[in-house]
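Please look over the sequence and the model shown below before reading on. The report that follows moves from single residues to helices and then to the whole chain.

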Amino acid sequence: MNELPRLFSNYSLVKKIGFIFLFAVLMILLSAVTASVVGRVIPLSTYSVSYLVQTLMALYVFFLPALLFAFLFHDYGEGTFGYLCQNRLPSVLMLAIAVLTILCAIPFINIMAEANHFFFPQDEEMYRRLNDMLTEGGLSHLYLRLLVVALVPAVTEEMFFRGLLQNTLMRHAPKWHAILVSAMIFSLGHADMSAFVPRFVLGAFLGWLLVIGKSLWLPIAVHFVNNAAAVICYYFWFDKQAGECVIDQLGVDNPLVAVASFMLVVGGIFALHKLDKKEP
């Protein structure tokens, strides 16, 4: 089946993007209805409902459209997973450097977030609810959050924003245009302007990783590590009295840490660039 030419493979970029976003909007509505019905039938806690809604949104809005349109858009002989760049694994060295780079970037990202707050202040009520969701319960809740908050979004969002959207754009436009446009849509799609800049930079980095690694599993792994680091830190090192987590303060209270973070990120990007030139 994957060897068959697809009906939409020769469509224009405008038609392809139009189909993607129309279907995504329909899936948003479907996920909202499904979550509402399940929430009424099955008695769940407030945060269980949040986990359910987040999982449904990830599956309906990102995962299903990615698979459907990659199936419809791929060229003859390419295959659905070939279109999404999921048919090969990245090199271990590139993966290790990329993971270390995103971990080293945390203080620099925090500085960007603080600067972003000057233009788009943080919604304190939303931030409080997020803190409560990330710190409630025992160890079983931590495992659940690593699945729902870290792994599921990493896989589904990367399949949609990088695997489907960016790859579709790159077939019709220069790769950096595709990377930046998909990163902007990725950031706007989270509906949180208080974190627009750091999320846009993260999206651009993940998009670049897809280009140099030629495998969607590379940005998926880095996205997961970025999410998992926050989930783990909020569980073990959240200060309930201060209402903040240590991971969010790295670099904010000490500019030298942020500068060191930026230099390490530049070094990591340079190392990845050099490695890209060496690999076939």
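A residue is called buried when its relative accessible area is under 20%, exposed when that area is over 50%, and partly exposed in between, with a 1.4 Å probe and protein chains only. The model is predicted, so that local features need pLDDT of at least 70 and side-chain atom pairs count only at pLDDT 80 or more, while totals for chains, interfaces and linings use all residues. Residues are numbered from 1 along each chain as its sequence is written, and side-chain values use heavy atoms, with hydrogens and water left out.

**Four buried residues in helices**

Helices (H or I, at least four residues) and strands (E, at least two) are taken as DSSP runs and numbered from the N terminus. Ile20 lies in helix α1, which covers residues 13-41, and Ile20 counts as buried because its relative accessibility is 0%. Contact is used here for heavy atoms within 4.5 Å. If neighbours within four places in sequence are left aside, Ile20 touches Phe69, Phe73, Phe160 and Leu164. Of these partners, Phe69 and Phe73 belong to the range of helix α2, residues 46-73, whereas Phe160 and Leu164 belong to that of helix α7, residues 139-170. The C-alpha atoms of Ile20 and Phe62 are separated by 10.0 Å, although their places lie 42 residues apart along the chain.

Glu158 is part of helix α7, and with 0% relative accessibility it counts as buried. Which residues is Glu158 in contact with, when its neighbours within four places in sequence are left aside? The partners are Pro153, Gly163, Leu206, Leu216, Pro219, Ile220 and His223.

Ala58 is placed in helix α2 and, at 5% relative accessibility, counts as buried. Its contacts, again without neighbours within four places in sequence, are Phe63, Val152 and Thr156. From C-alpha to C-alpha, Ala58 and Leu29 are 13 Å apart in space and 29 residues apart in sequence.

Pro107 is found in helix α5, where a relative accessibility of 9% makes it count as buried. Outside its neighbours within four places in sequence, Pro107 is in contact with Leu250, Gly251, Val257, Ala258 and Ser261. Pro107 and Leu256 stand 149 residues apart in sequence, yet their C-alpha atoms are 9.8 Å apart in space.

**Helix α12**

Two of the partners of Pro107, Ala258 and Ser261, return in helix α12, where the buried residues are Ala258, Ser261, Val265, Gly268, Leu272, Leu275 and Asp276. An α-helix has 3.6 residues a turn, so residues three or four places apart point the same way. The buried residues of α12 pack against α4 (92-104), α5 (106-119) and α9 (196-213). Helix α12 itself runs over residues 255-278, and its 24 residues reach 35 Å from the first C-alpha to the last, close to the 34 Å expected at 1.5 Å a residue; the expected span is 1.5 Å times one less than the number of residues.

**Two residues with a positive phi**

Most residues other than glycine have a negative phi, and most peptide bonds are trans. The table lists two residues that are not glycine and have a positive phi.

| Residue | Phi | Loop | Relative accessibility |
|---|---|---|---|
| Cys85 | about 60 degrees | between α3 (80-83) and α4 | 16%, buried |
| Ala191 | about 55 degrees | between α8 (175-188) and α9 | 67%, exposed |

**The chain as a whole**

The chain holds 12 helices and 2 strands, and along the sequence they follow the pattern α-α-α-α-α-α-α-α-α-α-β-β-α-α. Buried residues make up 44% of its 280 residues. Among the contacts with a separation of 6 or more, 78% join residues 24 or more positions apart.

The radius of gyration, taken over C-alpha atoms, can be compared with a globule rule of 2.2 Å times the number of residues to the power 0.38. For 280 residues a compact globule would have a radius near 19 Å, and the chain, with 19 Å, agrees. Along its principal axes the C-alpha trace spans about 60 × 55 × 35 Å.
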